[in-house]
Amino acid sequence: MKYKNLNNRHLFLLALLIIGIGSCKKDDFLSVAPKGVLTSVSTFSSQSNADLFVNNIYNRLPGLQGSEVLDQWTDNSECGATWMEGVTKIRNNGLSSGNSTGGPSGIYDWGTNYTSIRACNSFLTDAAANKNTYSATWYAQRVAEVRFLRAFYYSQLFVAYGGVPLITKPLSNLDGSDIFTARSTVEQTLAFIEADCDAAAADLPLNQGTGDLGRATQGAALALKGWVELFYASPLLNTNNDAARWAKAAATNLSVMNLGVYKLFNPSGSKTAFKDQFLGVNNFNPEQIFVKTYALPSKGSNREGTLGPVFVNGGQQAWGNLQPTQSLVDDYEMDNGKPISDPASGYDPQQPYVHRESRFYQSVVYDGSVWQNFVWTSRIGGNNQIDLGSTSDVSNTGYNARKTLDESILGQTSLSTSPSIANYQYFRYAEILLSYAEAQNEAVGPDASVYTAVNLVRDRVFLPALPPGLSQADMRANIRRERRLELTFEDKRWNDIRRWDITVKGPAVLNKPEYGMVITPTNGTLVYKPTIVFQNSFSEYKNWLPIPQGVLQQNPKLTQNAGY
């Protein structure tokens, strides 16, 4: 029984298991389980039942496949509608303890993550009490997987709120224990996640077998550890720029690289490997480290319908909720490797889409480009004319997304049947390379290993190597741009701009206006004019999300993040 292929009978049993384990609420007073409900005893009395319980912890992983995604909280994408949280709460300075958010798909939701953590703690406690029932190999690996998953759910809370309550066993007031727990420090929370990752990595395999694809591996545990260490080393938390923090993050990301398991997805002769790695046919390619899986007939995703280009071949196909900003488009280099701000780049602002780097063409649908054999036009009078008034689903910026979407799936088909089985990727090898390069550059400067890591990423998309002799600051700027463009639409930018502390400082990306491109046919030519489409507003203290007011009222030991 593998978690990615649950049939209806298994789903029924799984529901009973969830009900049984969830029956330990503080207001329960019955000591006898209702007929037909599996208790924790029956849940963990067999290896097959316990496996179903672990499968459900995997099934709880968030996959940001709906109308709202984290890129909408950033300078990468406009929102598809004015009611979306990227507008109402994040980039309009609307966050408060009474107007909090759990993020798209509940990725940062306090209650959702702690429910998942409770499930992990339940397994670790009850499986240990029944370990003689299971094979030693199965038990060791499932414990390692669940410790990784617990670390994963804690990492979501850590990057959103900072230090959080660390709970390691299922809490219940039925045994007289205190169910209220105070927040741990940032350092204690980090150390807890690191310890779980280390313990998991020690017992997880390098690779999972065909029937277990999607389960955690040693590389997944180390990638997660490297990510939280990178977050902790970054300016938001590393205000004194302690080089030791950077060195630690570099070492952990290097350990993933040294496993010898992963490489960039780059089939011989492919010119579109960068975007093709996100297609379902390329699931579990050697670049993917940890993913959420999808399966038909009932567990597919509808990303193409919610996020794809709107009007195609004469009718509305999708909702267009990924709308690349002009800021993002301007960050793509020319195909000679020079930024458009370089006078030697050859950039022409009246031919802005000519000779841009490969990732631009593989990531963005722009005026005159082709989507599903249809020439998509956002110019005035075009079939997807830029919507400056947010009166429809059509893009407010004059762009839609291409990357992470399967062009073979029609938007309406996507919305009606959720046919995509493409993995949602949490960690892939290109991110590890860039995380290592960033941490190593900050720790010791741009040594040869930093150049090698960054240039591997650039080489796949046909960009020349970075020039030698860059200063640490110049390399930092290159790595940050590289990370933005390589990982755009993968829900990475929000945490990057926060940890770099650039939401309101330095480039202040969330206090600047966002631009779109108005293209006007004039005397037989097209005139391009960047135009403000939204004025961002953000406060520094909102780099950390507020703990919801209801949660604070339930737990008197909790304290709110500063500023709220």
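Helices are DSSP runs of H or I with at least four residues, and they are numbered from the N terminus. The exercises below use a predicted model.

**Exercise 1.** Find helix α6, and work out whether its span agrees with the expected value, whether it is enclosed or not, and which residue follows it.

*Solution.* Begin with the length: α6 covers residues 136-161, which gives 26 residues. The expected span is 1.5 Å times one less than the number of residues, and for α6 this comes to 38 Å. The end C-alpha atoms of α6 are 37 Å apart, which agrees with that expectation. Next, look at the surroundings: because 22 of its 26 residues are buried, α6 is largely enclosed by the rest of the structure. Finally, step past the end of the helix, where Gly162 follows with a positive phi near 95°.

**Exercise 2.** Carry out a similar check on helix α17, and state which of its residues are buried.

*Solution.* Helix α17 runs over residues 472-486 and therefore has 15 residues, for which 21 Å would be expected at 1.5 Å a residue. From its first C-alpha to its last, α17 reaches 20 Å, which is close to the expected value. The buried residues of α17 include Met475, Asn478 and Ile479, and charged names also appear in the list, among them Arg481, Glu482, Arg483 and Arg484. Leu485 and Glu486 are buried as well.

**Exercise 3.** Describe the place of Phe192, decide whether it is buried or exposed, and name its contacts beyond its neighbours in sequence.

*Solution.* Phe192 belongs to helix α7, which spans residues 186-203. Its relative accessible area is 17%, and since buried means under 20%, Phe192 counts as buried. Once the neighbours within four places in sequence are left aside, Phe192 is in contact with Arg150, Tyr154, Leu166 and Thr168. For a view across the model, take Pro530, which lies 338 residues from Phe192 along the chain and whose C-alpha atom is 47 Å from that of Phe192.

**Exercise 4.** Examine the backbone at Pro297, Asn373 and Asp491, and say where each residue lies.

*Solution.* It helps to recall the background: most residues other than glycine have a negative phi, and most peptide bonds are trans. The peptide bond from Leu296 to Pro297, however, is cis, with omega near 15°, and Pro297 sits in the loop between β2 (288-292) and α11 (303-307). Asn373 has a positive phi, near 60°, and is found in the loop between β7 (369-371) and β8 (374-376). Asp491 also has a positive phi, of about 65°, and its loop joins α17 to α18 (493-499). Now turn to accessibility: Asn373 counts as exposed because its relative accessibility is 77%, whereas Asp491, at 7%, counts as buried.

**Exercise 5.** Consider the protein as a whole, and explain whether its radius of gyration agrees with that of a compact globule.

*Solution.* With 564 residues, a compact globule would have a radius of gyration near 24 Å, and the protein has 24 Å, so the two agree. The C-alpha atoms fill a box of roughly 80 × 55 × 50 Å along the principal axes, and the secondary structure comprises 19 helices and 12 strands. Of the 564 residues, 57% count as buried. Among contacts between residues at least 6 apart in sequence, 70% join residues at least 24 apart. About 21,600 Å² is exposed, with 54% of it supplied by carbon and sulfur atoms.

Technical notes
Residues are numbered from 1 along each chain as its sequence is written. This is a predicted model: local features need pLDDT of at least 70, side-chain atom pairs count only at pLDDT 80 or more; totals for chains, interfaces and linings use all residues. Side-chain values use heavy atoms; hydrogens and water are left out. Helices (H or I, at least four residues) and strands (E, at least two) are DSSP runs, numbered from the N terminus. The radius of gyration is taken over C-alpha atoms; the globule rule is 2.2 Å times the number of residues to the power 0.38. Buried means under 20% relative accessible area, exposed over 50%, partly exposed in between (1.4 Å probe, protein chains only). Contact means heavy atoms within 4.5 Å. Accessible areas come from the Shrake-Rupley method with a 1.4 Å probe; for residues, only the protein chains shown count as cover.
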